[in-house]
Amino acid sequence: MITGTGVVKTFKQRGKVLGAREVRALRGVDFTIPKGGAASFIGESGCGKTTLGRIIAGLESYDEGEILIDGQSMSALKPKQRQPHFRKIQMIHQDPYSALNPTRTIHQTLYAPLSLRARQTGRSRSWIDERAAEVLSLVGLDPGTVLARYPHQLSGGMRQRVVIARALTVDPEMLVADEAVSMIDVSLRLGILALLKDLRERLGVSVLFITHDVATARYIGDDGELYVIYRGQVVERGAVDTVIADPVHPYTQSLLSAIPVLHGLEQPGEQPVTPLESLNESQSDEGCLFARRCPFRGERCTTERPLLRLGEGIPQEHACFYPERRSVIARPMSEV
Amino acid sequence: MRIDGLTVVYKTPAGELPAVREISLDLRPGSITGIVGESGSGKSTLALSLLNAVQPPGRIAAGSVEIDGLGDVVGLRGEQLRKARGKHIGYVFQAAQNSLNPLKTVGKQLLDLGRSHGVDDLRGLVREAKELLGRMGLDGARVLDSHQHELSGGMRQRVGIMLALVLNAHLVVLDEPTTALDMITQANILKIIREVHDERGLTTLVITHDIGVVAEVADRLAVMYGGRLVEQGPTREVLGAPRHPYTKGLIRAIPRLVGDIDEARALPGRPPTLATVPKEGCVFRERCALRMDVCDTVDPRAVADGPRIVACHAVEGAVDVTVDVKEHA
Amino acid sequence: MTAILETSSTTATMRRNFWSGVWRVMKRKPSRMVGAVLMLGFVFMGLFGPMFYPEQLDRDPNAITRPPSWEHWLGTDDQGRDVIALVVTGSQYVLLAALVTAVITVVLGTGIGLFSGFKRGRWDNVLMRFTDMKLTIPGLPLLLVLSTVWKFSSAVQMGLVLGLLGWGGVARAVRSQTLSLRERGFIEAARGLGLSTTHIVGKELLPSMAPYIAMNMLIAVTGGVYSQVGLFFLGVLPYESNNWGQMLNTAVFRSGALTVPSALGFLIGPLLAILLLTLAIVLVVDAMDEIFNPRLREE
Amino acid sequence: ACSGGSTNNSSGSGGGGGLFTTIDVNRPGIDASGPANPWAPKGNSFQGYNAMKLGWVKNHLTDPNQFYPGIAASWDIAPDNSSITIHLQPNGKWSDGKPVTADDVKLSLGLAATTGSTAFATTPGAAGVASEVEVVDPKTVKVTQDMGNPSSKFARGIMDSWVVPAHVWGSLLPADFWDKLEASRGTGADADKAREDILAIGQKVLAFAPPKDVSAGPYTLERVNPGEALLVKNKNFYNASNVAPAQVKFLNYSGNEQIWNYLTAGKLDHAGFTAAPTDVMNRIKNAPGSNIIKGFSPVAVGLAFNQSKKPYDNVHVRRGLAYLIDREQVTKVASPEGGTAAVTTSGIHQKPAQEWLGSEVSTLEPYKHDVAKAEAEFKEAGLQKKNGKWTLADGSPWKVSMHVPSGFSDWISAQENIKSQLIENGVDAEVITVADYPIYLEEIAAGKYDVGFWLIALGPAPYDIFQRLYGASNGWTNVAGKVAHSAPGKGGNWMGGAEEVDVEGAGKINPGELTAKLNAATPEEAKPIMLELAKAANQNLPVIQLWDYVNTQFTNTSRFTGWPEQDSDLLRLPAGVWIQLGLIKAKQ
Amino acid sequence: MVVIARRLAGHLVRGIVMILVVATISFFIVRSIPGDPVAANVQKLIQQGMDPRSAEQATRVLYGFQPQGTLWQQYTDYMSGLVRFDLGQSVTHAGAPVTQVLGEAAKWTVLPVLAGTLLSFLIGIIMGVYAAIKRSGKLGDVLAISGSLLHGVPQYVLGLLLSAVFATLIPILPADGPVDILFEPGFNAGYLGSLAEHAVLPVLTYALAAYGGWILAMKSSVVTVLGDDFILAAELRGMKRSIVFRYIARNAILPLFTILALSLGLLLGGAVFIERIFNYPGLGLLLLDSITMRDYALMGGAFLIITASIIVANILADLFYSVIDPRVRSGEEVSA
Ligand SMILES: Nc1ncnc2c1ncn2[C@@H]1O[C@H](COP(=O)(O)OP(=O)(O)OP(=O)(O)O)[C@@H](O)[C@H]1O
Ligand SMILES: Nc1ncnc2c1ncn2[C@@H]1O[C@H](COP(=O)(O)OP(=O)(O)OP(=O)(O)O)[C@@H](O)[C@H]1O
Ligand SMILES: [Mg+2]
Ligand SMILES: [Mg+2]
């Protein structure tokens, strides 16, 4: 289990000489991902999803807050000591091509972490080969044909599976999949999603899914939680299906309204929400971060920052002063 | 616009390979046609060949692209071709993000465009551009004064659309107009495309790999696979009742917001690349559940059934009202 | 087990494929073949050339700075020695120094670039400021000034100094390569998997940059040759054995090669050697460019 | 007493007009911003053209005190060298029309004292120093020598001085200058202070830039650019009517190869001595109008040994090498035109040697190239020959390691040739070039080299000739007429010679002391000493004299005539002197 | 504007620091040079016929221009002089200020370097465009290879070859200094003609040596720009060929301007060979001379000015770049 409380991350872009620009990527994010559970982060581009994912995977530092892995506080540890903990959390990159070293065969790619592991646990070389074949089979690849190949000889989907297999070599407790399917062909996407789901169910690996496509988030596991992030802040959080079906935050609603309707199959939602203006990074940080774009903003919104909370009889946590359920998503024709 | 038997080949070390093969497609005036296909299926190549702009080492090997009031684009050369571009056919680039000269303001590029097409009333052109931009929810004056890097992705895309339309082109080709944009911006752009299309009575071709996008905006939908058009028809009909096994598989593979998760299925196998597209027979047979012996050797003909056209041996047999679509070598 | 066997056999095939790819690239343009042959020629000349001549070259006090003839294809020098023999025997010093230069340039440049790009932070800052400064200070004038302090008494020392002065560019380039590779998922993944830095640098980073480094090395060889020949030519360096730069110097400033055409052969000898070496390296680099181009490997 | 040589008084047109092109080979790089100051090292004052001396030193074999008239029309030297009385050109004028006066001369001699000059040295007890400069009348100056430590070169020291106009340069010398100068030759704090002051004035003199070139010479400076200088005829020059060329163009000297180019193209009317390889020389000879004048040059080059190092401490080794090296061949390869192989090794240039030693020359061992003798000497020295290679007595390898400053082309060629000769005869050898001359000098003086080249026989004064062999480099110092010797390897004694040497036919002599004696000796007194020293040099061989330089002057007859004859005593003087003496005429 | 000013300030600070550092380095290198210039001068005078003692005195006067005091004192004097643009006095020039001597020489370096660079730049970029357009044909190959070769061959080889051909074999061009003295300096045909005639060979050598670099740089720049989407986009909008060409040219040349400024700086340093071969009395030759003459102050000054010119060129290049590139102008980071 991994939990984070009040995680803050600010990027300082080093100016040429004088002055530096600050980008507040995360503004105090709380999250909990139980063992074997699933969570999805969704949000617009630049909202901080990747940053949070990288922090969770130990690839990025954070400025404030606390991250606990299986109850162990990471801030309390020295960088070296953190490593074994973070190794339990493996990142699956968006671009499966750059995630694999083009100069190394799949065998070499898998061999390196396995031999490290073999050394640590005192296992033999043959174990390495067995295990390499095993993880490949786990992700649905035929070890015989794949092992000797170079990444460029594989399709996007296969590469992504290899990436997942590589992550599995260290027996992770959690996979962080950052836009893991967005660069994969439409017809193959579902295969990867199914694989992640399958790994969850079979190996008990928890999955953190980062995407801007809500629909795919749903496929990792409907028992998971959905975190809607807006400008570095979680604005809505709840069970996937609840949030999709009954979003209460206007931002969540506009995200869901933006999903194209499959006109032959679906009927558009009744109350679509369109934000008033597009995202502008430099706008003020006062009040609700979404206020300027929110068609429903009230007085409070511009002066006071709403915090994530439960209440008003709404099953999910939300950060909105005026939460209201709206039916925004398209419904299948058959249901109508 | 009528595309007829269009074949485009790329020269590779393994010889000339077709990226687009014998495609025939009618774009009805005033309609939005959407073409979907996976990466490498030849969408961009097709789009470029509509302007006779296939880049070397590619070339149009056969076929014609007839445009009302212009004739066969494939036959056009030099100045004629240049004038046709922009004035008759507006093109919105796949990576519209980068379709602007980084060193010049949008306004200057607009003037360049006007001069290129002999527009005398440059003021009028600017006015028109501002209007268009305003129509798309932007502050025209500010945008014209900006450099590319001062605009966000969505704004650039809108500028791209403006530049495609400002010379009153009636035929607009949009190649992946929303890729690399986030959901909300995408929704906005799609809305704009729809609205502008309606207002100006355009004939629009939208090319994308995302069925959702097509479903949202297009009246007609054409599905490409391995350089071939495997199915086309009115969007709602095709989505509601796909006939080609690929179309079916594709629709089934789309994750949905509601309904049973387990109904969704990935297509087996993987899409072909230029080198692995079968030379003869059905291009989809490797991944097809309905594969028959004939699929290995005979290219399925595109068979029309009312507004719908499908190229599949399996479907051919099932549908009896068949009308031959013109075949070109 | 089988996997391993298969792997090694397929790696062998891959390697064969690589070499056949190399062959294909070379064949595509005959000029590249010329380059490779020239290159081998120079290597051979540096290694074995001097063996074909007596340690003390034949000289003829009655035939000094003679124009080319059947006997002496490029004429004779100011001691009546055959110019070609001098070029060949002089190549050892030049090429050895150049090799040392190249090795040091590349080792230091790669090492510092890797370290800087990989560690980032303060060390990166310090090293890059230093590198910047090195790059700003013009090499030749610095060498001139240094040549008064330092006795470049052997080829190895010469190479050492040139190498120590020359790694800046490579370091810069390697650093930026490292920075860009770092951003690639596979390096990050390797870190996430807890692989050691040695592994990451040695097995993941370096091989990706190897072709690039190899090309730099070749270019550094030419750089090494030019600087030292240039210094000898200017006459600011003492010398013990003959080498191309000293030949140029003698030809121009002592034998009047720019005054009397009869001594021109003496000048042309080393000039030709440098020209051919440049040509060889240009052509080989041109070929390498394509050999290591990932697009080519895609096929 | 001597009196001035005759000037060519044949008045008349002088065949005037024309551009005379020449090059100053002694000074690389014409500096466009250099002042017209004869003392400034990069100044644009050209000896004989716009810079004048009292007289012009003749290239005499033995007598240092012979001059052509310059600012001085004639001069009387006291028989005991105690004074010189100078009579200025009666109608000598500066280019601005003012007459050249005795005051100008006195000021100039003072200026000379500040910048370092033989006759006005500020070191206590220096030899041949003037004690007084006296203006006798506006056209006469008398200079008296301090006879405490006289030198036979005193007159030369005076006559070989620049003269500049007092009305331009006068402000440089303070009123009490002559007292200061006097004081500076003493000892004690006052003298130190005086020397300091004079040094400071000297620097001002060196850096002084006259606002305009005021010259008493045949030319004045018109303009300079970094490559060239242009001089135009001075109408007020005393012998102006006999000066032919209307303009003189000075080219920039940046290397011999460039002069060769000019010469082969026939561009230069005159160029001073420039070493050239045979091929180049042949081309130069073939250039239209090319005229090469050769004459005496009081310099020779020797292969010097560091006798502190084995085996060079052994005279037989040195002799063996002398036999082994074929000097003819060396000269042919290294300096075929600029030198003649030394007939023997005597420390004196062959020509003056003949004058000084007469028939005695033939008694010297000629060290003719003879391998057998060489081997015999080596054996005598205890060297061993193993497998055709000579080794040291103890069997350790022997390599003759010669050093040479890079850029000295004839020296390098010579050493390369010697190296080949030695190796061919079983003596391993190498040539090591040294970055440049300053380093060479520093290191050779520090005793770092075994063997190196050393210029010797710098005539014509007898003392100067042997001072190169038996002076500071070999351990002897001569302070205020007192001679002292430092042990080998100490006090600058890098040649490592002993204080006394055994000379066959003369017994044990102290060559340093003998050399010091030459300073004040009359020619008659000098002769026997010269012989003893020549014998010492010949037998003891601190250096092997390789070749005697030949002064080669390049002229061109296409545009001008009247060039000096072969072996003329004008040869080491710049062509400006030839012009001012009225020799040069434009070709009709 | 603020961005540019800020950049300028930053550059100036860094430039000044660099110059001080270089000055320090050159000071200490120069002071540690072996070889006794005093002894050398004495010997030189002796060989010119002066007797040893007066030679010594004359030398002492001359070398009085050498700075006195302890090394540290000399250093502080040097540095404080530097601030006042005083680089000390040249010994070989009898105490003339080093700055004056350098100024005189700089003229003759700048003239051919500037002419050669501009010439090669113009021709190089034109041929570079050709090489890029014809890159798959024979002409492109020839241009590229010849470019690489010229780029690769050291300057002195070119200089010697040109000199051998045009000054030795067919002596039609002078190789002896910058101008014939017979012409009155000024704006008259004779003087300018002579100036031009003398400049032909050095300028040609510079131009040839630099030309290869330009053609390569321009080629790769054009190839990059040609691959940029906006060029294709402009074509697809039916822009005139001339306009498209301008788009290509401007975008391709832009990065070259930086190299242009840099190369101007570097050429100043590399001028040694050409100046030596053609006897052009510029900074390079001055440096060389000062080294053989052991003129410390001059040597240090020449080295410093060559380095400083590169630093200044760097700054100018960057400023120029920020003026012409709107991306930099507005403060956005652009990667080279
Ligand atoms: N290394 C960095 N340096 C500076 N700013 C950064 C850095 N990484 C991210 N940011 C900034 O932090 C913010 C959040 O970025 P992040 O990549 O986490 O967004 P994201 O939600 O993953 O977006 P996307 O959907 O585009 O991937 C952005 O404004 C981004 O510009
Ligand atoms: N310049 C080229 N040379 C060789 N093959 C090419 C070239 N350009 C495209 N192709 C090939 O042609 C086929 C079709 O490419 P195209 O760009 O039209 O596909 P697409 O459907 O637009 O794909 P994407 O969704 O990735 O944009 C692909 O297999 C591609 O590899
Ligand atoms: Mg992201
Ligand atoms: Mg495409």
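Chain A and chain D are a good pair to begin with: in this predicted model, these two chains do not touch, and their nearest C-alpha atoms sit 42 Å apart. Chain B and chain D keep out of contact too, with 45 Å between their nearest C-alpha atoms.

Let's stay with chain A for a while. If you trace the chain in the viewer, you'll pass through 11 helices and 14 strands. How compact is chain A for a globular protein of that length? Its radius of gyration is 21 Å, close to the 20 Å that the globule rule gives for 336 residues, so chain A is as compact as a globular protein of that length. To picture its outline, imagine a box of roughly 65 × 55 × 40 Å along the principal axes, filled by the C-alpha atoms of chain A.

Now look at how the chain folds back on itself. Take the contacts in chain A between residues with a separation of 6 or more: 63% of them involve residues 24 or more positions apart. As for what is hidden, 60% of the 336 residues in chain A count as buried. What remains accessible adds up to a surface of about 12,900 Å², and carbon and sulfur atoms account for 49% of that surface.

Next, zoom in on ligand 1. This ligand is surrounded by 14 residues, and the closest are Ser45(A), Gly46(A), Lys49(A), Thr50(A) and Thr51(A). Some of the individual atom pairs are worth finding on screen. Ser45(A) places a polar side-chain atom 2.6 Å from an oxygen atom of the ligand. Gly46(A) uses its backbone instead, with a polar atom there 2.7 Å from an oxygen atom of ligand 1. Lys49(A) has an N or O atom in its side chain at 2.8 Å from a ligand oxygen atom. On its own, ligand 1 has 630 Å² of accessible area, and the protein covers 66% of it.

Where does the shell around ligand 1 come from? In chain A, β1 (2-14), β2 (20-33) and α1 (49-56) each supply at least two of its residues. The largest share, 3 residues, belongs to α1(A). Sorted by character, the shell holds 4 nonpolar, 6 polar and 4 charged residues.

Over in chain B, you can go through the same kind of tour with ligand 2. Here 14 residues surround the ligand, and the closest are Ser39(B), Gly40(B), Lys43(B), Ser44(B) and Thr45(B). Thr45(B) has a side-chain N or O atom 2.4 Å from an oxygen atom of ligand 2, while a polar side-chain atom of Ser44(B) lies 2.5 Å from a ligand oxygen atom. Glu176(B) joins in as well, with a polar side-chain atom 3.5 Å from an oxygen atom of ligand 2. Taken alone, this ligand exposes 630 Å², of which the protein buries 68%. Helix α1 (residues 43-50) of chain B gives the most to the shell, with 3 residues. That shell divides into 4 nonpolar, 7 polar and 3 charged residues.

Now for a few backbone oddities. Most residues other than glycine have a negative phi, and most peptide bonds are trans. With that in mind, go to Pro56(B) and Pro57(B): the peptide bond between them is cis, with omega near 5 degrees. Pro57(B) sits in the loop between α1 and β4 (58-67) of chain B. Chain D has a cis peptide bond to show you as well, joining Lys310(D) and Pro311(D), with omega about -5 degrees. You'll find Pro311(D) in the loop between β14 (290-305) and α8 (315-324) of chain D.

What about phi? Asp171(A) has a phi near 45 degrees, a positive value in a residue other than glycine. This residue is in the loop between α6 (156-168) and β7 (174-178) of chain A. Is Asp171(A) partly exposed or buried? Its relative accessibility is 39%, so Asp171(A) counts as partly exposed. Phe85(E) also has a positive phi, near 60 degrees, and lies in the loop between α4 (71-83) and α5 (98-133) of chain E. Phe85(E) counts as exposed because its relative accessibility is 70%, and the cut-off for exposed is over 50%.

Finally, drop in on chain C. Ser176(C) belongs to helix α6 (residues 155-183), and it is partly exposed, with a relative accessible area of 42%. Along the chain, Ser176(C) and Gly113(C) are 63 residues apart, yet their C-alpha atoms are separated by 7.8 Å.

How values were computed: Residues are numbered from 1 along each chain as its sequence is written. Chains are lettered from A and ligands numbered from 1 in the order in which they are written. This is a predicted model: local features need pLDDT of at least 70, side-chain atom pairs count only at pLDDT 80 or more; totals for chains, interfaces and linings use all residues. Side-chain values use heavy atoms; hydrogens and water are left out. A residue is near a molecule or strand if one of its heavy atoms lies within 4 Å of it. A polar contact is a pair of N or O atoms within 3.5 Å; within protein, one must be able to donate a hydrogen and the other to accept it, and residues adjacent in sequence count only if both atoms are side-chain atoms. Accessible areas come from the Shrake-Rupley method with a 1.4 Å probe; for residues, only the protein chains shown count as cover. Helices (H or I, at least four residues) and strands (E, at least two) are DSSP runs, numbered from the N terminus. Ala, Val, Leu, Ile, Met, Phe, Trp, Tyr, Cys and Pro count as nonpolar, Asp, Glu, Lys and Arg as charged, and the others, Gly among them, as polar. Contact means heavy atoms within 4.5 Å. The radius of gyration is taken over C-alpha atoms; the globule rule is 2.2 Å times the number of residues to the power 0.38. Buried means under 20% relative accessible area, exposed over 50%, partly exposed in between (1.4 Å probe, protein chains only).
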